[in-house]
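Got your viewer open and a cursor ready to click? Let's take a walk through this model, one selection at a time.

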Amino acid sequence: MFTLHNLCLQQGGKPLLQNANLRVHQGYKVGLLGQNGSGKTSLLKVLSGQLEIDSGDLSFPSNIVISSAEQEFSNSHRKAIDFVMDGHTKLRSLESDLKEAEQQNDGLKIAQILAQLDAISAYSAPVTAAKLLTGLGFSEQSQQQQVGSFSGGWQMRLNLAKALMCPSDILLLDEPTNHLDLDAVFWLEDWIKQYKGTLVLVSHDVSFLDAVVTHIAHLTQQKLTLYRGNYSSFVIQHAAERELQQSLADKQQKKKQHLESFIRRFKAKATKAKQAQSRIKMLEKLETISIARVNSNIQFQFYNPQHQPSPMLYWKSVSAGYNSAILQDITFNLSPGERIGLIGRNGEGKSTFIKALAQQLPYFEGEYYQANKLCIGYFSQHQIDTLTLTESALWHLKKIAPQQKEQDLINFLGGYGYKGDRVNEPLSLFSGGEKARLALALLIWQKPNLLLLDEPTNHLDIDSRTALIEALQDFTGSIILVSHDRTLLESCCDEFYLVHNRNLSKFNGNLADYKLWLLAQNNTPKQKKINRVNDIRSKKQQQALQRQQLSPIANKIQKIETQLDYHQQKIKEIEHQLSENSIYESHNKLQLNNLLAEQHNHTVESKKLEDIWLDLNHELEALKNSFIYV
């Protein structure tokens, strides 16, 4: 499908690729891995034609269609569904050509364009766009909103839907799950599995990579190496190549002993039984995680709380929200050491619940209790946006710890990648992942006994995500977590609560069960009604396009029939005159000759028109038979 040969690329004087080689075949789904700043996004821009290479060769088959999601925001007044349909560039081009042909009243060109529109199933494009938007969390009403009215995260979803709308041979996706909820991640995963083209994907979501990719392209030391298999397979292969198995075994054994000690300590306690079970499951994933982090310098470490009041907090018939109640009549009790994952469809109120627990939103009714020694560490979905980009990491930590010795603060920040002069550099110079690590470090410093985490892995690379998982595994306080990262949820949560229909309830099952629940929701009477409406709409659009395609031929037939009627009428009038005896008298000889000549002309013209009429009807019937009726 495409080949890189001795490709060289640099950005800002920094070499990213040096004589790199890669061959990707049709149908490969490739996960592109590499450290932050190694050039993954730049390589995607090269493949999409947005960046020029410095030297080497990049070859594609002719007439290849490449689709990629834009990273820019828009203030467009276009409706969301129209914006997404713009991704189907062939459709939009034909629609423009059709408009021009109609203005020129070019019947033949109109018929040709309509045939092309039918060939690309243009009638179903609005329904396809609506299904994409629905899968990515947009309600039917929001699909009609202007693009500029959406937040940055939702505009990124629109950009993703627009990329998926394009019938492409190669699809390039850069962190597509970053702005998605878990249900949208499930949907996207299924969509990619059905995608027939070639995929190149940058993602730090291990579960997502394991589910969708067939190969891994590893970008390291300015070279590319292709591995067969998913992420977990790549980790094992890569470690074997580097002959790290013995040192890995030593580190792995230490971690295993640590986790087994944890299990022994809590397995006997009924309140910790599920927690122990989650650690047993974690042991099964330990090998992959340990291998991935064998050379890591990134570490997170939460302070284990000195106080864990019981209960930590409770709600009784509470309603909460923004200007009005989004969550209603919720009763909830949190005990020490509970580790809860929140699941539910987009927009149901998961982030609202966490924000209300953190007392960032008002309560409209009900009873709320919070223990005196409760210390909440709240990480919001947009936590890094609260950082002051003109200030340094040290400045931020001093702000919450003004009495602490500066050297202690510097030592603390060093554990999160802020070493040497970097502690005093403005945050505007740092990547999103580095800012996210600082935001987590600031939270950790405050020594919370309850962690409220809303999408904490956004912007974190695989190494940092794994470090966070290990730290949360060791944390003995309570956790309430919202995340689209299944590895994080499955590794750190003992139970799940479902936010649905403005309420909160315990979910009896795991994430696989939740996916089945989502599928069942799509088969509810309400959803079936929506599907029926979409089917009817699709049929009407198809029928409208077919009528439009038949129209030029039908108009020609009608015009021919009008001309035939005229000639037939003239022939009848002449025959009537020829039936009169007087026309054959000698003094009417000239008139008789004229009538006979006129009769001949009309008869010849009628025959020509009849032949054309027959050909047009054959063409019309053939076109009707070519349609696939739904």
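Before the first click, a word on names: helices (H or I, at least four residues) and strands (E, at least two) are DSSP runs, and they are numbered from the N terminus. Keep in mind, too, that this is a predicted model.

**Stop one: a loop between helices.** Select N105, which sits in the loop between α3 (89-103) and α4 (107-119). What is the sign of phi at N105, which is not a glycine? The phi of N105 is positive, at about 55 degrees. Most residues other than glycine have a negative phi.

**Stop two: a cis bond.** Now pick S310 and P311. A cis peptide bond joins the two, with omega at about -5 degrees. For comparison, most peptide bonds are trans. P311 belongs to the loop between α11 (273-292) and β10.

**Stop three: a pair of rings.** Across the whole structure, a search turns up 21 aromatic pairs. Show the side chains of W315 and Y363 to see one of them: the pair is edge-to-face, with 5.5 Å from centre to centre and 90 degrees between the planes. W315 lies in strand β10 (residues 313-321) and Y363 in strand β13 (residues 363-370), so this pair ties together parts that are 48 residues apart in sequence.

**Stop four: two crossing helices.** Colour helix α7 (residues 182-194) and helix α18 (residues 511-521) so you can tell them apart. Their axes come within 11 Å and cross at roughly 80 degrees. Angles of 65 to 115 degrees count as roughly perpendicular, so that is how α7 runs relative to α18. Which residues make the contact? From α7, select L182, D183, F186, E189 and D190; from α18, select L511, Y514, K515 and L518. This contact of α7 with α18 has five nonpolar residues and four charged ones, but no polar ones.

**Last stop: empty space inside.** Rolling a probe the size of a water molecule over the atoms shows where empty space is left. How many cavities of 30 Å³ or more does the structure hold? There are four cavities of that kind, and the largest has about 50 Å³ of space in it. To see what lines the largest cavity, select F379, Q381, Q383, I384, E455, P456, N458 and H459. Colour that lining by residue type and you get three nonpolar, four polar and one charged.

How values were computed:
Residues are numbered from 1 along each chain as its sequence is written. This is a predicted model: local features need pLDDT of at least 70, side-chain atom pairs count only at pLDDT 80 or more; totals for chains, interfaces and linings use all residues. Side-chain values use heavy atoms; hydrogens and water are left out. Axes are lines fitted to C-alpha atoms, for helices over the stretch in contact, and angles run from 0 to 180 degrees between N-to-C directions. Angles under 35 degrees count as roughly parallel, over 145 as roughly antiparallel, 65 to 115 as roughly perpendicular and the rest as oblique. Contact means heavy atoms within 4.5 Å. Ala, Val, Leu, Ile, Met, Phe, Trp, Tyr, Cys and Pro count as nonpolar, Asp, Glu, Lys and Arg as charged, and the others, Gly among them, as polar. On a 1 Å grid over the protein atoms alone, a cavity is a set of points where a 1.4 Å probe fits but cannot get out, and a pocket is an open set with protein on both sides within 12 Å along at least five of seven lines; lining residues have an atom within 4 Å of a point. Grid points are joined across faces, edges and corners, and a volume is the space filled by probe spheres set on the points. Rings of Phe, Tyr and Trp (its six-membered ring) pair if their centres lie within 6.5 Å; planes under 30 degrees apart count as stacked, over 60 as edge-to-face and the rest as tilted.
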